[in-house]
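User: Please take a close look at one helical part of this model, and then set it in the context of the rest of the chain. I would like the reasoning behind each assignment to be visible.

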Amino acid sequence: MEENINKVFFIFMIIGVPLSIIGSIFNWNYIFMFFIYCVTLISLANYIRRSTESLSVVVGPTAGGLLNATFGNAAEIIISFFALSKGLNTIVISSITGAVLVNLLFASGISMIVGGIRFKKQKFSVFKTRHNTSLLMFAIIVTFVLPFIFAKRLDDKDMQVLSTSFAIVMLTIYLLALLFKLVTHKGIFTGNAEENGEEPEWGKKKAIVVLGLATIVLAYISEKLVGTIEPVGAALGWSHVFIGIIVVAIVGSAAEYVSAIAMAYNNRMDVMVEISIGSTVQTAMFVAPILVLFSYLYDFLPLVFNTAEMIAMILAALMTVTVVNDGDSNWFEGVLLVGTYIAIGFSFYLL
């Protein structure tokens, strides 16, 4: 399955990259180009994922974990960087919400449906899952809920100080979490690649070249995509919140949820859970703080979400914890998660 998906992404890339470059030069219709940019970015993000996974096997779990932390959300971070530079803060903050919803509800749900159709019941490690869900609830509460509570009593200057403080604290804890999982307790959470017979898809040199080229092209197309957001939103009646929560989030997280689906199809549910929940934790504890600190170069981005976004993220986290904490899944539980995502997405469309 994954091989067929990679072939599709290859076709999207070899068609999408030239069209993206030519269309941006000759100013083709911005709605058409918007969708071309989105499809091309998804294919490029897949190549970044594959190259970092290959390098992770080659360099070992510790350095590999740092690589995944750096490039795992590359598309999401780069798109958000350009959006911040253009003052589209609402889209950036909404894309963080969207990444949480996509990973916890859509990616997990589709993965459980795909895996559940092949296997009546799929099992995964309760110990690892509960560790991840505990970290997930901590990340949601500390990164998102606490600033939301205090924001109503603080002025803009104090909110800037609070957001910055939370960003630094969460980045520090995230790095310590990597140290815990990949160094001091790696025997519990990770296996040795050689012992498991794991082989990299690409060699070290090829993976580095692919990673570098894909990141450069992705940055170029991300800038073009951000430039089309406002006219496309106006033409299609999409709000900035909807674009951030649905469009930017799906494009930025595409490589991760495709990988999660492939893992579920192959009955590797521990990896699927690690991808979907781990990506959400990474968004809350790494991506969001990085964007807050980066926003000092432009218009500061306070770490504050509106009430609807906050409730949606808490609901997604609680739904995920409820479904996965028993250590097994089936296709109907996936339907519940996807149905929740569709309902939330439709609600944000109407806002």
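Analyst: The expected span of a helix is 1.5 Å times one less than its number of residues. In this predicted model, that rule can be applied to helix 4, which covers residues 74–85. Its twelve residues should span 16 Å at 1.5 Å a residue, and because the end C-alpha atoms are 17 Å apart, the expected and computed spans agree.

Helix 4 is also mostly covered, since buried means under 20% relative accessible area, and nine of its twelve residues are buried. The buried set begins with the run Ala74, Ala75, Glu76, Ile77, Ile78, Ile79 and Ser80, and it also includes Ala83 and Leu84. Glu76 is thus listed among the buried residues of helix 4, and Glu is counted as negative in the charge tally. After the helix comes Gly87, whose phi is positive, near 75°.

To place this part in its setting, the protein chain as a whole has 13 helices and two strands. A compact globule with 351 residues would have a radius of gyration near 20 Å, and the protein chain has 19 Å, which agrees with that expectation. The C-alpha trace spans about 50 × 50 × 35 Å along its principal axes. Of the 351 residues, 53% count as buried, while the exposed surface of the protein chain comes to about 15400 Å², with carbon and sulfur atoms supplying 67% of it. Among the contacts with a separation of 6 or more, 85% are accounted for by residues 24 or more positions apart. As for charge, the protein chain has 20 positive and 22 negative side chains, and the centres of the two sets lie 4 Å apart.

Two further helical residues can be set beside the buried positions of helix 4. Ser43 is found in helix 2, residues 30–59, and it counts as buried because its relative accessibility is 0%. Not counting residues up to four places away in sequence, Ser43 touches Phe9, Phe12 and Met13. Ala260 lies in helix 10, residues 240–265, and is likewise buried, because its relative accessible area is 0%. With residues up to four places away in sequence again not counted, Ala260 touches Ser111, Met272 and Ile275. Ala260 and Ile11 are 249 residues apart in sequence, and their C-alpha atoms are 21 Å apart in space.

Gln160, in helix 7 (residues 156–184), gives another case, for it counts as partly exposed because its relative accessibility is 27%. Leaving aside neighbours within four places in sequence, Gln160 is in contact with Tyr296 and Phe300. The C-alpha atoms of Gln160 and Ala249 are separated by 25 Å, and these two residues are 89 residues apart along the chain.

The loops between helices deserve the same attention, and the positive phi of Gly87 after helix 4 can be read alongside that of two asparagines. Asn27, in the loop between helix 1 (2–25) and helix 2, has a phi near 55°, a positive value in a residue other than glycine. At 65% relative accessibility, Asn27 counts as exposed, because exposed means over 50%. Asn267 is placed in the loop between helix 10 and helix 11 (269–294), and although it is not a glycine, its phi is positive at about 65°. Because its relative accessibility is 35%, Asn267 counts as partly exposed.

A last loop position is Pro200, between helix 8 (186–189) and helix 9 (204–236). Pro200 counts as partly exposed because its relative accessibility is 29%, and, leaving aside its neighbours within four places in sequence, it is in contact with Ser54, Val57 and Val58. Pro200 and Ser24 are 176 residues apart in sequence and 36 Å apart in space, C-alpha to C-alpha.

Returning to the part you asked about, helix 4 has a span that agrees with the expected one, it is mostly covered, and it is followed by a glycine with positive phi, Gly87.

Note on methods
Residues numbered from 1 in each chain as written. Predicted model: local features only at pLDDT ≥ 70, side-chain atom pairs only at ≥ 80, totals over all residues. Heavy atoms only, no water. Helix = DSSP H or I, 4+ residues; strand = E, 2+ residues; numbered from the N terminus. Rg over C-alpha atoms; globule rule 2.2 N^0.38 Å. Buried < 20%, exposed > 50% of the residue type's maximum accessible area, 1.4 Å probe, protein only. Contact = heavy atoms within 4.5 Å. Areas by Shrake-Rupley, 256 points an atom, 1.4 Å probe, with all protein chains shown as cover. Charge placed at Lys NZ, Arg CZ, Asp CG, Glu CD.
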